[in-house]
Amino acid sequence: MIGQSWAYRLFKVFNYTFLTVLALLCVMPLIHLFAISLSSNSAATAGEVFLWPVDFTLKSYEFVLGQSAFLTSMGVTIQRVLLGVSINMLLTIMVAYPLSKESSALKGRTFYVWIFVFTMLFSGGIIPMYMTMRFLGLLDTIWVLVLHAAVPVFNVVILLNFFRNLPKELEEAALIDGAGHWKILWRIYVPLSAASIATVTLFAIVMHWNAWFDGILFMNSPDNYPLQSYLYTVVVGMQTIINSSTDMELLTMVSDRTARAAQLFVGALPVLLVYPFLQRHFTKGIVLGSVKE
C-alpha cells in the first residue's frame with residue numbers, strides 16, 4: 001500500500017514469514033504421519049520416509065479398517081460425540097442465558113457464577129468421581145463418558161459473555177410483545193449467537209473426540225473403549241497389533257509403525273474435516289467481552 005513506511009513493510013514480511021513457519025511446524029508432523037501410513041514396511045522401518053510416501057501402498061489402511069477392535073472403538077467415539085455434544089450444547093445454552101442477566105434480573109447471579117468458576121479451579125478428584133459413577137451404575141456404558149462432563153464451564157463463560165453483548169432492546173421488545181424467556185432464548189439469542197455457538201460446538205467436538213483417560217478409567221472392558229483410549233493402548237501401551245492369523249501379504253507390507261500411523265491419521269481425520277466449516281466463526285466467537293457492533 002502507498003505510504004507505508006519501510007519499518008511497517010519489514011514487520012509484515014517478518015510476521016508473514018513467522019506465521020508461515022509456525023503453520024508448517026504444525027502441519028508437517030501430520031504430513032509425515034500420513035506419508036508413513038502410505039509407505040511400505042521396509043521403507044518405514046529404514047527411516048526413508050519424510051514428507052512423501054516411499055513404495056506407495058494402501059495395505060496399512062486395509063489392515064486397520066479390517067480390525068474389529070478399531071472399528072468398534074470408532075463407533076463408540078462417534079456415538080459419544082453425537083450424544084456428548086448435543087448434551088453439552090443444550091446445557092451450555094440453558095446455563096449461559098440466565099447467568100448473562102444482570103443481578104437485578106437474577107438475584108444471586110454473582111454467587112451462581114462463582115460456583116461455576118470454582119469448579120474450573122478445583123475438582124472433587126478422580127476417586128470421588130469414579131465412586132459416584134459406580135454408585136450410579138454408569139460404568140461400562142456410553143453415558144459415563146458424556147455425563148461426567150455434561151456442563152463445560154469454559155464454554156459457558158464464552159457463551160454468557162457473548163449473550164451479555166447482545167442489544168438489551170431486543171429482549172425488551174420481545175417482552176413487550178408477550179414473549180417469555182424460553183422463546184427469547186431460542187428465537188432471538190441463539191440465532192444471533194451463531195458465531196459463539198459454533199466456537200463452543202467445536203470445543204465440545206474436540207473434547208469428546210480426543211478424550212482418552214476417562215475411557216480407560218470408566219470402562220472395565222477394552223471392547224467399550226472409545227477410539228482415543230484404544231489408540232493409547234496401542235501406541236503408548238506398545239501392544240502388538242499384528243497377530244499370527246494375519247494374511248502373509250499384509251505381514252510383508254505392514255508393520256506396527258505403518259499400521260499405527262494409519263490408525264492415528266484415521267482417528268484425527270474427522271476433526272480435520274469438521275474444523276474448516278467452523279473456522280470462520282472461531283475468531284469472532286472466541287472473543288470475550290467484545291465491543292457491540
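This report looks at one buried tyrosine, the nonpolar cores and the salt bridges of the structure above. Please keep in mind that the model is predicted.

**Tyr97 and its surroundings**

A good place to start is helix H4, which spans residues 68–99 and includes Tyr97. With a relative accessible area of 7%, Tyr97 falls under the 20% cut-off and therefore counts as buried. Which residues does Tyr97 touch, once those up to four places away in sequence are set aside? The answer is Phe163, Glu171, His181, Ile184, Leu185 and Tyr189. Asn161 makes another useful reference point: its C-alpha lies 9.7 Å from that of Tyr97, with the two positions 64 residues apart in sequence.

**The nonpolar cores**

Several of those names come back in the largest nonpolar core, a set of 51 residues. Phe70, Phe163, Ile184, Leu185 and Tyr189 have the most contacts inside this core. Helix H4 supplies the largest share of the core, 10 residues. Another core lies apart from it and has 10 residues, including Val76, Val144, Leu145 and Met219.

Leu185 deserves a look of its own. Beyond its neighbours within four places in sequence, Leu185 is in contact with Ile93, Tyr97, Phe163, Val190 and Pro191.

**Salt bridges**

Now for the charged side chains. Side chains of opposite charge can pair when their charged atoms come close. The count of salt bridges here comes to 4, and the table includes these:

| Acidic residue | Basic residue | N to O distance |
|---|---|---|
| Glu62 | Lys59 | 3.5 Å |
| Asp214 | Arg80 | 2.5 Å |
| Glu171 | Lys101 | 2.7 Å |

Glu62 and Lys59 sit in helix H3 (residues 59–65), 3 residues apart, or about one turn of the helix. Are these two partners buried or exposed? Glu62 is partly exposed, with a relative accessible area of 45%, whereas Lys59 counts as buried at 17%.

The bridge between Asp214 and Arg80 spans much of the sequence: Asp214 belongs to helix H12 (residues 213–218) and Arg80 to helix H4, so the pair ties together parts that are 134 residues apart. Asp214 and Arg80 are both buried.

Lys101 and Glu171 form a bridge that also links distant parts of the chain, 70 residues apart. Lys101 lies in the loop between H4 and helix H5 (109–121), while Glu171 is in helix H9 (residues 168–176). Both residues of this pair, Lys101 and Glu171, are buried. Glu171 also brings us back to the start, being one of the residues that Tyr97 touches.

Notes: Residues are numbered from 1 along each chain as its sequence is written. This is a predicted model: local features need pLDDT of at least 70, side-chain atom pairs count only at pLDDT 80 or more; totals for chains, interfaces and linings use all residues. Side-chain values use heavy atoms; hydrogens and water are left out. Helices (H or I, at least four residues) and strands (E, at least two) are DSSP runs, numbered from the N terminus. Buried means under 20% relative accessible area, exposed over 50%, partly exposed in between (1.4 Å probe, protein chains only). Contact means heavy atoms within 4.5 Å. A nonpolar core is a set of buried Ala, Val, Leu, Ile, Met, Phe, Trp, Tyr and Cys residues joined through side-chain atoms within 4.5 Å. A salt bridge is a side-chain nitrogen of Lys or Arg within 4 Å of a carboxyl oxygen of Asp or Glu.
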